[in-house]
Amino acid sequence: MGESRKFGYSVMVAGPGGIGTLLEKAIQDPKIVAIVYNWETQTAFTKSGFRLSDPTDSALNSKFTTFLVKSRINSPPQTPIPSASPKPALSGFVRFDSGKNQFAINDAKFVPVGFNAYWLGLTEEYTYPDRSQVTQMFQIAQKMAATLIRSLTLGVSCGSPNSLRPNDNLPLNVHAWPAIDFAFAEARKYGIKLICPLLDAYSYFHGSYGDFCPPGVDKSNFFTNQDARAAFKSYVSQWMNHVNSITGIAIKDDPTLMCIELGNELGIYRPDAGSIAVPTREWITDVSAYIKTIDRNHLVLNGSDECLGSDTSRDFEASATVDVYFYSVDTNRILSGADNSARVARPYVIGEYAPDLADPFFKIVEGNSKIHGSVFWGMYPNQNGSFSGQPVIHSDGFTLNWIPSDMSKLLMLSNHMRRMQQTPEVSAL
């Protein structure tokens, strides 16, 4: 609020006491109603008023925070409703600037923090999600200061009648696209980036890599069988070339997508859950390179979770990002993983972590410049997408809802995201 030059009053610079001392001094002046603070320059632009009915007097900009003197406002300001256009700061493609050791959008630093909402394209009931519940996820992301959502079923969707690839690649299921299109459109509307895995190691409701194996080829041979690879590449090509029915933008051209992830937990051998093979170096190299022949805009994320060893699982020319998963605090693994990724100039993102890890996990992550982002598991909606509605329960022990009993955890997670972005913490959501 206070984006325009109207109501301009004075300029203040934060001294040794920082923002706290500046605010204390500012509110002593009875003419100051709003203080627009630039966190990079530590400069405050004070205002004698603001007018939200004027579209030029509000903006979404992560470099600024507006502080209001509550006692001098006639009526409480309402949060501006996001428009159909994306946030300017998030409207470009995400790159990794190895020189500055950071993700960036249009040369501005970008920190990937957020949560998993795996069901945005297909639910565990094998149905398409309620649109109001999908919208609620992006609204929650905004409230929490998240910058991205990772969603498995926006990319992994095969092996069941309502999935994107029920049986084979010709044709893909036209009835499955609207849910995927809507999630991409809502992400764009709310200025939230997406990470979309294209495979899953496990035999869950949304399918796994075994669904690409032709008859007679065992799932354990997926990563070495050329027919299975050809089927997967055909699926990948159709997915990337799909044009969104709402936005009119092909996935390969959509900056809403941050990363194309090769797959979810591909490097974890768990026969009880259907994971009976791990990707080879040759498979990761070949598939990553194939993706880049179609799509030069997006980063490719290696989802093998360090299965090939501390060095070789990262050293791929076309696979530009590494993600890992933590459901307990393993300090040695976190630090060695970050060090090894930095050694080959690859960003290191924690793609899943349990929401109750807290300290010392947060201190380790926030204090290490070689760790570039973190995404907790996971969020589930309320009935009808209403913030006051009853929660839709998912009993995996890690999933949260926007309900009173989960708010302390959500606040803790939100403030972790804010610290990662070097923005002020909040006392309530």
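A residue counts as buried when its relative accessible area is under 20%, as exposed when that area is over 50%, and as partly exposed in between. The exercises below apply this cut-off and others to a predicted model.

**Exercise 1. Determine whether Glu352 and Arg150 are buried or exposed, and describe the contact between them.**

Solution.
Step 1. The relative accessibility of Glu352 is 2%. Because buried means under 20%, Glu352 counts as buried.
Step 2. Arg150 has a relative accessibility of 0%, and therefore counts as buried by the cut-off just used.
Step 3. A salt bridge requires a side-chain nitrogen of Lys or Arg within 4 Å of a carboxyl oxygen of Asp or Glu. The closest N and O atoms of Glu352 and Arg150 are 2.9 Å apart, and the two residues form a salt bridge.
Step 4. Glu352 belongs to strand β14 (residues 348-353) and Arg150 to strand β9 (residues 148-150); with their positions 202 residues apart, the pair links distant parts of the chain.

**Exercise 2. Establish which elements the salt bridge between Lys233 and Asp286 ties together, and classify the accessibility of each partner.**

Solution.
Step 1. The side chains of Lys233 and Asp286 meet at 2.8 Å, N to O, in a salt bridge.
Step 2. Lys233 lies in helix α4 (residues 226-241) and Asp286 in helix α5, so the bridge ties together parts that are 53 residues apart in sequence.
Step 3. With a relative accessible area of 18%, Lys233 is buried, whereas Asp286, at 25%, counts as partly exposed.

**Exercise 3. Classify Asp272 and Arg270 by accessibility, and state which residues are joined into one salt-bridge network.**

Solution.
Step 1. Asp272 and Arg270 meet through their side chains in a salt bridge of 3.7 Å, N to O.
Step 2. Asp272 has 68% relative accessibility and counts as exposed; Arg270, at 31%, counts as partly exposed.
Step 3. Through shared partners, salt bridges join Arg229, Lys233, Glu282 and Asp286 into one network.
Step 4. The structure as a whole holds 9 salt bridges.

**Exercise 4. Describe how strand β12 is covered, how it pairs with β11, and how the chain crosses between the two.**

Solution.
Step 1. In a regular strand, side chains alternate between the two faces of the sheet.
Step 2. In strand β12 (residues 299-302), Leu299 and Leu301 lie on one side, with Val300 and Asn302 on the other; all are buried, so that both faces are covered.
Step 3. Strand β11 (residues 257-261) pairs with β12 in the parallel sense over 3 bridges, and Cys259 stands opposite Leu299 in β12.
Step 4. From β11 the chain passes through helix α5 (residues 281-294) to β12, in a right-handed β-α-β crossover.

**Exercise 5. Characterise the second largest pocket and the second largest cavity by volume and lining.**

Solution.
Step 1. The second largest pocket holds about 440 Å³ of space.
Step 2. Its lining consists of 21 residues, of which Tyr202, Tyr204, Glu265, Glu352 and Trp377 lie nearest the centre of the pocket.
Step 3. By class, this pocket lining has 11 nonpolar, 3 polar and 7 charged residues.
Step 4. The whole structure contains 2 cavities of 30 Å³ or more, and about 30 Å³ of space lies in the second largest cavity.
Step 5. The second largest cavity is lined by Ile180, Asp181, Phe184, His242, Asn244, Ile249, Ile251 and Asp254; by class, its lining has 4 nonpolar, 2 polar and 2 charged residues.

Terms used. Residues are numbered from 1 along each chain as its sequence is written. This is a predicted model: local features need pLDDT of at least 70, side-chain atom pairs count only at pLDDT 80 or more; totals for chains, interfaces and linings use all residues. Side-chain values use heavy atoms; hydrogens and water are left out. Buried means under 20% relative accessible area, exposed over 50%, partly exposed in between (1.4 Å probe, protein chains only). Helices (H or I, at least four residues) and strands (E, at least two) are DSSP runs, numbered from the N terminus. Two strands pair if DSSP finds at least two bridges between them. A crossover is right-handed if, with the strands pointing away from the viewer, the path from the first strand over the helix to the second runs clockwise. On a 1 Å grid over the protein atoms alone, a cavity is a set of points where a 1.4 Å probe fits but cannot get out, and a pocket is an open set with protein on both sides within 12 Å along at least five of seven lines; lining residues have an atom within 4 Å of a point. Grid points are joined across faces, edges and corners, and a volume is the space filled by probe spheres set on the points. Ala, Val, Leu, Ile, Met, Phe, Trp, Tyr, Cys and Pro count as nonpolar, Asp, Glu, Lys and Arg as charged, and the others, Gly among them, as polar.
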